[in-house]
Amino acid sequence: MTVSEILRKTGHKDVLGVELLLAHSLNVGRERLFSHPEQEIDSMELQVFQDLFNRFCDGEPVAYLVGKKEFYGLDFLVNDSVLIPRPETELLVDKVMEFCKEESGGVRILDIGTGSGAIAVALAKNLPRARVIACDISAEALEVAKENAQMHGVADRTSFVKSDLLANVEGDFDVVVANLPYIGEKSNNFVSKETLNYEPHVALFGGDDGLDLYRKLFVQIVGLEWRPKLLLGEFGFLQADAMRELLNKYFVQQGWSIEKDYASIERIFVVTFNGD
Ligand SMILES: C[S@@+](CC[C@H](N)C(=O)[O-])C[C@H]1O[C@@H](n2cnc3c(N)ncnc32)[C@H](O)[C@@H]1O
């Protein structure tokens, strides 16, 4: 059987997913499927593809099946200990990059809830003078993040700390960025079956309304002896009003804003501290 015959035969609606699985089974880049559609597939490759395809049809995410996901133009290793990085999270990286353009000198950045290290590593890679500390409550996630930092050549400027929010984090930072779990257990629980079945729940759920970890983080930030210049984080669909209330409660004296993602959904908060 040839590449083009397999692609035609599966008839799956997620064409990109099938292409990624086939390319992975053949150990080639996806573009090779189109430059060599007539390539014959041997029985072993076919078996590998068939096994992956069956798991894919049962709902297992492609990123876990192929062990990687692209984020901010970089490939990240992923496994079922880490959330699969989402495209909308790239907005957080863009915002930090924008802020850092104005800063002279190397900035110190703290990424809370680093998971695969997507935000931390993308920032370290694109800001060669920055120092990044990445923390997570999950030791397994930190192992993945470390591998990603090594793979992208930024391990010398990136440190990893196992910590419940700021509990074990030392030092002070110019930027604190967080993509904490924000799915609610009672309300705001918009989550697909695939995500629920396969992604780690520690990366998904943030209490009854999803915002418990942000509440806890804001209390910690307010109690610090130092202030970041910038604090920003991602939240979920329909949580913007609840987030506004929290920002007014904890950061009424600072400038803050809520910004929309590229799909026009309110998605991130940005708090700017003025050296107070
Ligand atoms: C939504 S995922 C984000 C992962 C990654 N930053 C990204 O954007 O793809 C949230 C991460 O926060 C971590 N986490 C959950 N509770 C935490 C806590 N109390 N302190 C630190 N990290 C926590 C989870 O293990 C998970 O890796």
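Biologist: How do the residues of the shell around the ligand divide into nonpolar, polar and charged?

Modeller: This is a predicted model, in which local features need pLDDT of at least 70, side-chain atom pairs count only at pLDDT 80 or more, and totals for chains, interfaces and linings use all residues. Residues are numbered from 1 along each chain as its sequence is written. Ala, Val, Leu, Ile, Met, Phe, Trp, Tyr, Cys and Pro count as nonpolar, Asp, Glu, Lys and Arg as charged, and the others, Gly among them, as polar. On that basis the shell around the ligand holds 15 nonpolar, seven polar and two charged residues.

Biologist: Which elements give two or more residues to the shell around the ligand?

Modeller: A residue is near the ligand if its C-beta atom, placed from the backbone, lies within 6 Å of it, and 24 residues are around the ligand, with Gly113, Gly115, Ile137, Asn179 and Ala203 coming nearest. Helices (H or I, at least four residues) and strands (E, at least two) are DSSP runs, numbered from the N terminus. The elements that supply two or more shell residues are helix 7 (118-126) and strand 4 (131-136).

Biologist: Why is helix 7 largely enclosed by the rest of the structure?

Modeller: A residue is buried if 20 or more other C-beta atoms, placed from the backbone, lie within 10 Å of its own, exposed if 12 or fewer, and partly exposed in between. The buried residues of helix 7 include Ala118, Ile119 and Lys125. Helix 7 is largely enclosed because the number of its nine residues that are buried is eight.

Biologist: How far apart do the C-alpha centres of domain 1 and domain 2 lie?

Modeller: The protein chain is divided into domain 1 (3-58) and domain 2 (80-272), with bounds from an automatic or database domain assignment. The distance between their C-alpha centres is 35 Å.
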